[in-house]
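Got the viewer open and a selection box ready? Let's take a walk through this one, stop by stop.

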Amino acid sequence: MKLTIRTKLFLVMSGLIILFVALSQFLNREFLEDYYVSEKKKHLMDIYSSINDIYQGDPETISLDLEIMERSTGIRIVILNPKLEAIYHLQRIPEEPPPAPQPRADDLQPSNPSLAMPEMKQSFEKNLIQVNQDTLSEGNAVINLSKDPRIQTNLINLVTTLNNGDYLILNTPFTPINESVRIANRFFLFTGLLIFIIGSIIIYFFAKRLTLPILKLNDIAQRIAKLDFNQKYPVETSDEVGQLGESINSLSTQLHTAIFELTEANHKLLEDIEQKRRIDEMRKEFISSVSHELKTPISLIQGYAEGLKENVNEDEENKNFYCEVIVDETTKLDKLASDLLDLSQIEAGIKLDKSNFDISRLVAKVMEKYRPLFSEKGVNCTLSDEPGLIVFADRFRTEQIIVNYFNNAINHVDQQKLITISIKSLQGKAIVSVYNSGPSIPPDSLNKIWESFYKVDKARTRAYGGTGLGLSIVRAIQEQDNNRYGVLNRNGGVEFWFELDIAANPVI
């Protein structure tokens, strides 16, 4: 089973508490009693050092100090001279007389200066057996354990020599501590269990609080892996988790920026690839279209020229016809070459020569040039304009657009013979439109007619000598000028339009 960090932390901390309690139980059971005895022996040595520092050979001078030591520490003090005669032994007098005031042997000062107390004598003799009396000098001490058979009390005895050669006997009772150790261990087990319960609760909530930031960081990391960079870690501390949160936030920001830049670069690359593909297709289509447009007039010119050379028709009328065909096709070739040159220059980004001029006057001028053609074809051409509308544009290219629209309208006008030119201002732009009565353009061709050499009715286009480049030139000029253009199917006809910038300072 997969363990979470919270569970692992809880188990480890709980295990440490249990180990601590168990180790304490073992140490108490194995070493507490020995430690207790060691501390008792150390206490005897400290008392011996204190007596040796103040003893000058006469115990009467320090009897008060010795009595204070005995009563405050519970240690029995006996001083013997080299003849093993007791020269100091505190008489034990109870604070309140007992009900049966029979004196005990160990509560009275002995009448003779010998070792009257059997246990003292027995202890002293035992220690003299362990250490030779001659070698028992100042600073050497014998410590052993014994038991008073009379009162069944365990004793720790110390026998040594003082600074003047007298003997010092110290003993102190100590009770068996096995029972005390058991009680202490039982109590410590109870407190350990209580500490384990309380500690486990604290550890659980602490582990939960400690792992919450890690879970939050993990969620943010998973979001980053899914390219979701909106979530940020709220850094509230300066510890390792806070530093990790700052690093995750920095990583998220940098990845977001890098991926955004990479996406933008990828989109631009795709656009460049698509544009290159379109340019390549347009180049192929352009070459194909130019080849097709050149093939027919060249073939006609070649055929009629060979006919004239071979004198196929010797009469003057047929020769003139052949010459007219050659001149007509040559004129078409010249127009095609001129239109191709114009389109190439505009698409190459030639700078427009912009100036202020009255758009209505320019349209009227073009209409006047076309007046004979309108009369010849019986076309009724009218102008609806806003007088004095000054625009800021390239006058030559604008006239070129109007001419192309006029040619297109004349070539496609129907039997109603109606052409209407409209000029109006709208939202800071001058809108020029040319309407001709006639058949509408098929919906699937509305966008294609702006492409080079595209012809809705190729047979009809050939009849009036169109090259299929007029509307392409309009598109190139307007895109160069960052202005719009278009075509609309109206009721009973078609309307072509384009827009120009109205002059900010209308001074011609």
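Start by selecting Phe-205. With 52% relative accessibility, Phe-205 counts as exposed, because the cut-off for that label is over 50%. Now add Tyr-204 to the selection: at 38% relative accessibility, Tyr-204 is partly exposed. These two rings make an aromatic pair of the edge-to-face kind, with 5.4 Å from centre to centre and 85° between the planes. One thing to keep in mind as you go: the model you are looking at is predicted.

**Stepping back**

Zoom out and colour by secondary structure. You'll find 10 helices and 12 strands. The protein has 508 residues, and 34% of them count as buried. Turn on the surface and you're looking at about 31,300 Å² of exposed area, with carbon and sulfur atoms supplying 57% of it. If you look at contacts between residues at least 6 apart in sequence, 65% of them join residues at least 24 apart.

**More rings**

The pair at the start is one of nine aromatic pairs in the structure. For another, select Trp-450 and Phe-496. Their ring centres are 5.9 Å apart and the planes sit at 75°, so this pair is edge-to-face. Trace the chain and you'll see that the pair links distant parts of it: Trp-450 is in the loop between β10 (429-437) and α9 (458-464), while Phe-496 is in strand β12 (residues 493-502), 46 residues away. Buried or exposed, these two, Trp-450 and Phe-496? Both are buried.

Keep that selection and add Tyr-405, Tyr-485 and Phe-498. Ring pairs join these three with Trp-450 and Phe-496 into a cluster.

**Into the core**

Phe-496 also leads to the next stop. The largest nonpolar core has 40 residues, and Phe-496 is among those with the most contacts inside it, along with Ile-359, Tyr-405, Phe-406 and Ile-419. To see what builds this core, highlight α7 (359-377), β8 (390-394), α8, β9, β10, α10 and β12, the elements that give two or more residues each. Which of them gives the largest share of this core? That's α7, with seven residues.

Now centre on Ile-419. Ignoring neighbours within four places in sequence, its contacts include Phe-374, Val-379, Cys-381, Ala-409, Ile-410, Val-413 and Val-434. Cys-381 is buried, with a relative accessible area of 10%. For another cysteine, jump to Cys-323, which is partly exposed at 37% relative accessibility. Don't hunt for disulfides, though: the count is zero.

There is also a second, separate core of 20 residues; select Leu-66, Ile-77, Leu-158 and Leu-162 to see some of its members.

**Salt bridges**

Time for charged side chains: the structure holds 13 salt bridges. Select Arg-223 and Asp-219, whose side chains meet at 3.1 Å, N to O. They are four residues apart in helix α4 (residues 178-225), which puts about one helical turn between them. Arg-223 is partly exposed at 30% relative accessibility, and Asp-219 is partly exposed with a relative accessible area of 30%.

Next, move to helix α5 (residues 240-310), where Asp-272 and Lys-268 also lie four residues apart, about one turn of the helix. Their side chains form a salt bridge at 3.4 Å, N to O. Asp-272 is partly exposed, at 35% relative accessibility.

For a salt bridge with a longer reach, pick Asp-481 and Lys-354, whose closest N and O atoms are 2.8 Å apart. Asp-481 is in the loop between α10 and β11 and Lys-354 is in strand β6 (residues 354-358), so this pair ties together parts 127 residues apart in sequence. Asp-481 counts as buried at 9% relative accessibility, whereas Lys-354 is partly exposed at 28%. Add Lys-429 and Asp-501, and you have a network of salt bridges linking them with Lys-354 and Asp-481.

**Two backbone oddities**

Right beside Asp-481, select Asn-482, in the loop between α10 (470-480) and β11 (485-490). Although Asn-482 isn't a glycine, its phi is positive, about 55°. Asn-482 is exposed, with a relative accessible area of 68%.

Last stop: Lys-417, in the loop between α8 (395-412) and β9 (418-426). Lys-417 isn't a glycine either, and it has a positive phi of about 55°. Its relative accessible area is 26%, so Lys-417 is partly exposed.

How values were computed: Residues are numbered from 1 along each chain as its sequence is written. This is a predicted model: local features need pLDDT of at least 70, side-chain atom pairs count only at pLDDT 80 or more; totals for chains, interfaces and linings use all residues. Side-chain values use heavy atoms; hydrogens and water are left out. Buried means under 20% relative accessible area, exposed over 50%, partly exposed in between (1.4 Å probe, protein chains only). Contact means heavy atoms within 4.5 Å. Accessible areas come from the Shrake-Rupley method with a 1.4 Å probe; for residues, only the protein chains shown count as cover. Rings of Phe, Tyr and Trp (its six-membered ring) pair if their centres lie within 6.5 Å; planes under 30 degrees apart count as stacked, over 60 as edge-to-face and the rest as tilted. A disulfide is a pair of cysteine sulfur atoms within 2.5 Å. A nonpolar core is a set of buried Ala, Val, Leu, Ile, Met, Phe, Trp, Tyr and Cys residues joined through side-chain atoms within 4.5 Å. A salt bridge is a side-chain nitrogen of Lys or Arg within 4 Å of a carboxyl oxygen of Asp or Glu.
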